[in-house]
Amino acid sequence: MQEERKEFPDEEEYCGKEGYSLAELWAVVKKRLIWILAAAVLAALVLGLVTHFVISPKRVNYRLSFMIEYPDRDGAADGKLHYPNGELFRYETVIYVDRLRAAKESDEDFAKIDVETMAAEGGITVTPESQQNDGVPTIYALSVSGSYFNGADQATRFLKAVCNETRGLIVQSATGFSYDAALIPYDTVSTFESKIEILENQHRSVLARYEKYLSIYSNFAYKGKTIEACYAESSALFAGGAVDLELLKIDLQYNGYLCKQSEEDVLVRISVLEREKALNAAACDALKETVRGFMSGSMITDLDAYHHKISEYTDRNVQIDGEIEKLYRSIGYGKNESGEYEQTGSPVDSTAFEEKLALLYNAVVNEAQSCKQMIGALYEENTVFAYEQGRAVVTGGANAIVYAGLGFVAVFVVACFIACATESIIKSKKTASASKNAKE
């Protein structure tokens with residue numbers, strides 16, 4: 001009976017035998033160690049690669065901080081940041097989809113970057129980081145999801161390309177408008193006086209543009225000339241150039257050259273001036289009569305206002321006489337013995353005058369063109385996006401090594417458990433088979 005009890009142990013003894021001591025556990029693991037390690041290593045490798053190429057890129061963000069510097073950046077009267085042409089600068093436009101597209105097209109390496117999705121899903125942002133006392137931002141930050149790039153290097157170059165598109169717009173804004181816009185009505189006006197006034201306005205516009213940069217960039221040079229030298233040259237354009245403007249004005253004032261007016265136009269103008277003169281004379285006579293009435297009466301009245309108005313009418317009529325005489329002379333009229341104007345010759349020849357005026361016009365056009373080139377070169381050289389870091393800062397993401405290590409440990413433990421469970425099942429089957437055979 002004792003031998004039978006040993007051959008067929010009771011339930012408590014059987015369960016005890018099913019358990020494992022540490023030595024037995026190690027023996028089981030050691031038996032299948034190669035397979036356990038192989039499974040753990042494979043799991044670590046797979047998880048590491050998946051983390052590095054799939055999980056991490058979706059969680060990574062690349063961030064690039066930058067400053068914008070260009071001439072007259074802080075020159076706006078309202079204290080806000082503006083483009084050189086006066087338009088308000090909005091930092092949000094740095095990441096508009098057209099800028100992203102242009103940045104993508106700037107390098108073949110960016111061909112696979114999905115800028116449409118990036119813009120539509122908010123995958124890229126720009127925010128102000130710091131600002132001046134007046135509230136104008138001085139440092140901005142671009143941040144973009146890493147899922148669009150193959151690494152930090154590509155992301156850095158792309159973000160800088162995006163910035164470069166805005167830089168190009170700033171430079172273009174400095175020269176993208178007409179520097180000789182004041183000359184637009186030049187060919188449409190009908191008098192030489194108006195043409196000269198237009199030339200003067202255009203000239204003043206160029207001088208004003210140079211004056212904006214004299215204090216800081218006076219020594220900036222383009223094609224061998226500094227801004228200061230160009231300003232001095234422009235300042236002397238009307239006095240030291242090929243044509244002296246003041247002498248041209250005197251010539252026009254004396255001879256009254258006609259621009260686009262016919263003889264009929266001049267005679268109509270003369271009749272208008274004569275009517276004005278007659279009305280002024282009548283008003284003047286009425287005022288004088290009023291003054292005489294006050295002086296002969298007993299009422300004490302301040303007559304200064306009346307005398308001033310009489311003087312205005314008188315002076316204006318003297319001016320009208322001069323204009324009428326000049327107009328008559330321009331169409332070849334002169335006074336006869338009775339003092340009346342009649343045709344005595346040909347209209348004044350304005351050919352020489354017009355040639356001088358054309359030279360002056362060309363000089364003003366060239367002046368505007370030179371100014372545009374100088375300011376364009378100034379902005380091209382001094383418009384800078386300065387980056388705080390040479391490379392985009394990486395934030396977020398997942399550490400592939402950590403994930404691989406966790407995967408290794410987890411799979412190793414699970415594999416050990418599976419090995420022990422498998423060994424237990426095999427052992428149970430063998431024990432059950434042995435018991436069955438003994439009973440038989």
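Guide: A residue counts as buried under 20% relative accessible area, as exposed over 50%, and as partly exposed in between (1.4 Å probe, protein chains only). The model is predicted, so local features need pLDDT of at least 70 and side-chain atom pairs pLDDT 80 or more, whereas totals for chains, interfaces and linings use all residues. Residues are numbered from 1 along each chain as its sequence is written, and side-chain values use heavy atoms, without hydrogens or water.

Visitor: With those classes in hand, what share of the 440 residues in the protein chain is buried?

Guide: Buried residues account for 32% of the 440 in the protein chain. Ser218 is one case, counting as buried because its relative accessibility is 16%, while Phe417, at 61% relative accessible area, is exposed.

Visitor: Where do Ser218 and Phe417 sit along the chain?

Guide: Helices (DSSP H or I, at least four residues) and strands (E, at least two) are numbered from the N terminus, and the protein chain has 15 helices and nine strands. Ser218 lies in the loop between α8 (192-217) and β4 (221-222), whereas Phe417 belongs to helix α15, which covers residues 400-439.

Visitor: Which residues does Ser218 touch, if those up to four places away in sequence are not counted?

Guide: Contact means heavy atoms within 4.5 Å, and on that basis Ser218 touches Tyr213, Thr226, Ile227 and Glu228. For the protein chain as a whole, if one takes the contacts between residues at least 6 apart in sequence, 74% of them join residues at least 24 apart.

Visitor: How should I read the nonpolar interior, and how many residues does the largest core have?

Guide: A nonpolar core joins buried Ala, Val, Leu, Ile, Met, Phe, Trp, Tyr and Cys residues through side-chain atoms within 4.5 Å. The largest one here has 50 residues, and those with the most contacts inside it are Met118, Leu142, Phe149 and Phe158. Helix α7 (residues 152-175) contributes the largest share of this core, nine residues. There is also a second, separate core of 18 residues, with Leu199, Phe238, Leu245 and Leu252 among them.

Visitor: What surrounds Leu142, leaving aside its neighbours within four places in sequence?

Guide: Leu142 is in contact with residues that include Tyr62, Arg63, Leu64 and Phe66, then Val94 and Ile95, then Ile124, Thr125 and Val126, and finally Leu159 and Cys163.

Visitor: How many salt bridges does the structure hold, and which residue does Arg157 meet in one?

Guide: A salt bridge places a side-chain nitrogen of Lys or Arg within 4 Å of a carboxyl oxygen of Asp or Glu, and the structure holds 15 of them. Arg157 meets Asp109, with 2.4 Å from N to O. This pair links distant parts of the chain, since Arg157 is in helix α7 and Asp109, 48 residues apart from it, is in the loop between α5 (97-105) and α6 (115-120). Arg157 is partly exposed because its relative accessibility is 30%, and Asp109 is likewise partly exposed, at 33%.

Visitor: How far apart in sequence are Arg292 and Glu289?

Guide: They are three residues apart in helix α12 (residues 263-296), which means that about one helical turn separates them. Their side chains meet in a salt bridge of 2.7 Å, N to O, with Arg292 partly exposed at 48% relative accessible area and Glu289 partly exposed at 47%. Elsewhere, salt bridges that share partners join Asp107, Asp109, Asp153 and Arg157 into one network.

Visitor: Are Lys225 and Glu233 buried or exposed, or in between?

Guide: Both lie in between: Lys225 is partly exposed at 34% relative accessibility, and Glu233 is partly exposed at 48% relative accessible area. Their side chains meet in a salt bridge, 2.9 Å from N to O.
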